Amino acid sequence: MGKLDMVVIVLIGANILVSLKGFSDFSFFEKYKFNIGGIRRGEQIRMLSSGFLHVDMMHLFFNMFTLYFFAPVVVSYLESVKFLVVYFVSLLVGNLFSLVFHKDEYHYSAVGASGAVSGIIYSGILFRPDMKLYLMLIPIPIPAYVFGIGYLLYSIFGMKNSIGNIGHDAHFGGAVGGYVVTLFLAPWLFQENLLMIILLAIPIIILFVLQRLGKI
């Protein structure tokens, strides 16, 4: 991994500062977290601000560590400004998925950069499907595209079965946002990695079919 780009450093710094403020200021956290009731009252800022808040230090560390790992790959192909487009589109699409799937749950709340980070992960996989990832408890490297497909299939399973206190819908939506905007910004991928684009689209198609059938 090469030198960390300044925009990535600024994003990580912003996440740390806002999260630390949220840890120590309950009213700040409540005002800017993702909350269905608040958003439906017109507080759209929550769609963006919630992506910089985290539940605790472990949540913050995991998201920032993942961003630190994948962001340089995306920046190396798209450069800084387009990287930011991928990041923020993924963040907003992730929260939009949460809004759609929980639209009638007025008390539903969530925080975290996971949607944005999921988009960066999927973007990085589109550019470098040959990357090898090492995951905890798994002693062998996993091809990036296998991880990407498995990640979204697990997100679908989590959405369907409400597994854990995790925003699976935001993770999935963020990955979809990163996938679509990356292909828009780098259309040459259709010539170089068409098979991988099709493979990575399979979980997205599965989700929409299940949603249309009322299974999720």
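In the predicted model, helix α6 passes helix α8 in a right-handed crossing. Helix α6 spans residues 114-127, and its axis comes within 7 Å of that of α8, the two crossing at roughly 45°. The two helices are therefore oblique to each other, since an angle counts as roughly parallel under 35 degrees and as roughly perpendicular from 65 to 115. On the α6 side the contact is made by S114, G115, S118, G119, Y122, S123, L126 and F127. Their counterparts in α8 are A170, H171, G174, A175, G178, Y179, T182 and L183. By class, the contact of α6 with α8 comprises seven nonpolar and nine polar residues, with no charged ones.

Helix α8, which covers residues 168-185, also packs against helix α5, which covers residues 57-101. The axes of α5 and α8 come within 7 Å and cross at roughly 140°. This pair is therefore oblique as well, because only angles over 145 degrees count as roughly antiparallel. The crossing of α5 past α8 is right-handed. From α5, the residues in contact are L78, K82, V85, V86, V89, S90, V93, G94, F97, S98 and F101. From α8, they are D169, A170, F172, G173, G174, V176, G177, G178, V181, T182 and L185. Sorted by class, the contact of α5 with α8 holds 12 nonpolar, eight polar and two charged residues. Among the α8 residues, A170, G174, G178 and T182 take part in the contact with α5 and are also listed in the contact with α6.

A further packing partner of α6 is helix α10, made up of residues 194-212. The axes of α6 and α10 lie 10 Å apart, at an angle of about 150°. The two helices are therefore roughly antiparallel to each other. As α6 passes α10, the crossing is right-handed. In this contact, Y122, I125 and L126 of α6 meet I197, L200 and P203 of α10. The contact of α6 with α10 consists of six nonpolar residues, with no polar and no charged ones. Of the α6 residues, Y122 and L126 meet α10 and are also found in the contact with α8.

Side chains of opposite charge can pair when their charged atoms come close. Six salt bridges are present in the structure. One of them joins R40 and D104, whose closest N and O atoms are 3.7 Å apart. R40 belongs to helix α3 (residues 36-40), whereas D104 lies in the loop between α5 and β2 (109-110), so this salt bridge ties together parts that are 64 residues apart in sequence. R40 is partly exposed, with a relative accessible area of 45%. D104 has a relative accessibility of 58% and therefore counts as exposed, the cut-off for this class being over 50%.

Another salt bridge is formed between K21 and D25, with a distance of 3.1 Å between the closest N and O atoms. K21 has a relative accessible area of 38% and is partly exposed. The side chains of R128 and D130 likewise meet in a salt bridge, at 3.1 Å from N to O. R128 is partly exposed at a relative accessible area of 30%, and D130 is partly exposed at 47%. In addition, R41, E43 and R46 are joined into one network by salt bridges that share partners.

Backbone geometry was also examined. Most residues other than glycine have a negative phi. E79, which is not a glycine, has a positive phi of about 70°. This residue, E79, is found in helix α5. With a relative accessible area of 59%, E79 is exposed.

A final set of values concerns G13, which is found in helix α1 (residues 6-24). The relative accessibility of G13 is 24%, so this glycine counts as partly exposed, given that buried means under 20%. G13 and G37 are separated by 24 residues in sequence. In space, the C-alpha atoms of G13 and G37 are 29 Å apart.

Definitions and conventions: Residues numbered from 1 in each chain as written. Predicted model: local features only at pLDDT ≥ 70, side-chain atom pairs only at ≥ 80, totals over all residues. Heavy atoms only, no water. Axes fitted to C-alpha atoms, helices over the stretch in contact; angles between N-to-C directions. Helix = DSSP H or I, 4+ residues; strand = E, 2+ residues; numbered from the N terminus. Left-handed = near helix turned anticlockwise from the far one by under 90°. Contact = heavy atoms within 4.5 Å. Nonpolar A, V, L, I, M, F, W, Y, C, P; charged D, E, K, R; others polar. Salt bridge = Lys/Arg side-chain N within 4 Å of Asp/Glu carboxyl O. Buried < 20%, exposed > 50% of the residue type's maximum accessible area, 1.4 Å probe, protein only.
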